[in-house]
Amino acid sequence: MTDPQLTRRLLLTGAGAAAVAAGLGGCGADGPKRTPQLAGESRPATARPTGSPGPRDEVALRRKIASLLVVGFRGERLAADDWIMKAVREGLGGVILFDRDLQTRERRNIISPDQARALVTSLRDASPGRLIVSIDQEGGRVARLNPENGFPATQSQAQIGATNSTPRTRAWAQTIVQGLTSIGVNLNYAPVVDMNVNPDSPAIGRLERAFSADPDVVVKNATEEIQMHPSSGVKTVLKHFPGSGSATGNTDFAVVDVTRTWNPRELEPFRRLIADGATDSVMAAHLLNKQLDPHRPASLSPAVVTDLLRGQLGWKGPVVSDDMQAVAITSRYGRDQAVALGLEAGMDLLVFANQQVYDTRVVDQTLDTVVDLVRTGRLTEARIDESVARVDALRPPR
């Protein structure tokens, strides 16, 4: 059941929001209102006056910012002078692996277990720090490690949820984790804890990515999956906050508005899993939900990331972005503004899949953007430090 107190608080989060029970959103001329700051809850950014001195050590600042970026690349094997290897040597926080390239439709990073292991080893050896090696390994149709490249087939979350058997879920999760550890992956963008509100959703339901429409089933199976990861040194990511199960589109390719279809009940899996204390990180969705913020998508909204997720749900750990090159945000804001708004909203780890576009300069250009945000006072270096500290908890031990 929906938490009535939470539902009441949601009414205060967006300016001009209509009653949650009616499932409608509204716009206000003065922009989104913010819920009162909770005791001990810091805001994501505190601007310095424009024109105040920039960072004293820009090199150190660039390294901090680089550590907050995860980037995709092409190549099954890498030479020392490849751009991604250079970025890793200079402190890039992490990489994301894919089996297929969205533009070329060719194989991208993974051909076989031995090849993938060698690729990851070369990246980790090049890194001066604790490199995040990440992947989407949900099971079923969203599995970058699959029989085509020499890994075991895995069932989808929907198939696991339909059975709702603890032993079966544990065995399934163990197979997923074994594949990850066999090649050196240490961050899995899973589990999906969206509720299967719309079975025809092209992003969730139709791909069998949700355990169930029942929050109890979602929480039960997600908990079992999460618990299989830590002993192998793999961190997990709950996604897609504040709930994408009712979406009628995919944010990778279009602006998606769930204002009329989203229900506060979709927060329940996130709320319960965060309260259980086993959550490593949470991914913010690029969905527009005017019930929560009448102007900005969830990932770029302080009302959603800071006030709702961190404030009302009590999440203190890292917030991970969905692909920062997704059409849902770049079509309106462009990359640089999306990065600025995301950091201001409270996101910590910014993921650039390099699938929608392939940009070998994305690291340098993003560093330039964020350094300029600090130099001009839109962000403080202390704000960057907060994210660095949170993201460090996702890194593997040396």
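Here are legends for five close-up views of this predicted model.

**View 1. An open sheet of 9 strands with parallel pairing.** Reading across the sheet, the strand order is 7-6-3-2-1-11-10-9-8. Strand 7 (235–236) and strand 8 (238–241) stand at the edges; each has a single partner strand, so one side of each is left without a neighbour in the sheet.

**View 2. Strand 2 beside strand 3.** Here we look at residues 94–96 of strand 2 and residues 132–135 of strand 3, which run parallel and are joined by 3 bridges. To find your way, start at Val95, whose bridge partner in strand 3 is Val133.

**View 3. Strand 8, helix 8 and strand 9 as a right-handed β-α-β unit.** The helix of this unit covers residues 268–276. Strand 8 pairs with strand 9 (residues 282–284) in the parallel sense, over 2 bridges. A handy landmark is Phe241, with Ala284 as its bridge partner in strand 9.

**View 4. Helix 11 lying across strand 1 and strand 11.** The helix spans residues 362–375, and the strands beneath the title's names are 69–72 for strand 1 and 349–352 for strand 11. Relative to strand 1, helix 11 runs at about 155°.

**View 5. Thr169 and its contacts.** Thr169 is found in helix 6, which covers residues 166–183. Is Thr169 buried or exposed? Its relative accessibility is 0%, and buried means under 20%, so Thr169 counts as buried. Leaving aside residues up to four places away in sequence, Thr169 touches Ile160, Asn221 and Glu224.

Notes. Residues numbered from 1 in each chain as written. Predicted model: local features only at pLDDT ≥ 70, side-chain atom pairs only at ≥ 80, totals over all residues. Heavy atoms only, no water. Pairing = 2+ DSSP bridges. Helix = DSSP H or I, 4+ residues; strand = E, 2+ residues; numbered from the N terminus. Contact = heavy atoms within 4.5 Å. Axes fitted to C-alpha atoms, helices over the stretch in contact; angles between N-to-C directions. Right-handed = clockwise from strand over helix to strand, strands pointing away. Buried < 20%, exposed > 50% of the residue type's maximum accessible area, 1.4 Å probe, protein only.
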